Amino acid sequence: MKLFTDQLAVMQDITTRIDGLCDLLNDLMLFARPRPLQVTTFHLRALIDDGVAFLKRDESLRTIEVTIDGRITAHLVFFDRHGWYCEHGRTCPAVGHAKKYNGQIARVS
Ligand SMILES: [Zn+2]
């Protein structure tokens, strides 16, 4: 009967671990769920500078030459029930860029 008791303990341990994995997966799915787009403003230049700093830190990427001109045009790109649009109009290049990158940060000259 000891063998059965040992087997039962192993089965209970497996069940407990599977339940733990299910909880972990549920937490991950909850974390990764689609959320409504939140429009906000931020300092784009600081983000660009961070990207350039990243390139310079990586030895294999240091040969990439980056030029940032000082004529930065701010684009407020929106997505709502009317679709994508920028404060400069629907044909602004920033709209296409925002669509391409699903609303993530973009810079358009
Ligand atoms: Zn624009």
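In what order do the elements of the protein run from the N terminus on? The order is α-α-β-β-α, as seen in a predicted model.

**View 1. Overview of the predicted model, with its helices and strands.** The protein holds 3 helices and 2 strands. Of its 109 residues, 4% are buried. Among the contacts with a separation of 6 or more, 24% join residues that are 24 or more positions apart.

**View 2. Helix H2, residues 44-57.** The helix has 14 residues. From the first C-alpha of H2 to the last, the span is 20 Å, close to the 20 Å expected at 1.5 Å a residue. How many of the 14 residues of H2 are buried? The count is 0, and H2 is hardly covered.

**View 3. Ile 68, in the loop between H2 and strand S1.** Is Ile 68 buried or exposed? Ile 68 counts as exposed because it has 12 C-beta neighbours inside 10 Å, and a residue with 12 or fewer is classed that way. The view also includes Val 52, which is 16 residues away from Ile 68 in sequence. The C-alpha atoms of Ile 68 and Val 52 are 9.5 Å apart in space.

**View 4. The hairpin formed by strands S1 and S2.** Strand S1 covers residues 77-80 and strand S2 covers residues 83-86. Between the two strands of the hairpin there are 2 residues. In which sense do S1 and S2 pair? Their pairing is antiparallel, over 4 bridges. One bridge can be located by its residues: Val 77 has Cys 86 in S2 as its partner.

**View 5. Helix H3, residues 93-100, and its buried residues.** Which residues of H3 are buried? They are Ala 94, Val 95 and Ala 98. These residues lie on the same side of H3, because they cover an arc of only 105 degrees around the axis. Strands S1 and S2 are included in what covers the buried residues of H3, so the hairpin of View 4 can be shown together with this helix.

**View 6. Asn 102, just after H3.** What phi does Asn 102 take? The phi of Asn 102 is positive, at about 55 degrees. The helix that comes just before Asn 102 is H3, with Ala 98 among its buried residues.

Key: Residues are numbered from 1 along each chain as its sequence is written. This is a predicted model: local features need pLDDT of at least 70, side-chain atom pairs count only at pLDDT 80 or more; totals for chains, interfaces and linings use all residues. A residue is buried if 20 or more other C-beta atoms lie within 10 Å of its own, exposed if 12 or fewer, and partly exposed in between; C-beta atoms are placed from the backbone. The arc is that of the directions from the helix axis to the C-beta atoms. Two residues are in contact if their C-beta atoms, placed from the backbone, lie within 7 Å. Two strands pair if DSSP finds at least two bridges between them. The expected span of a helix is 1.5 Å times one less than its number of residues.
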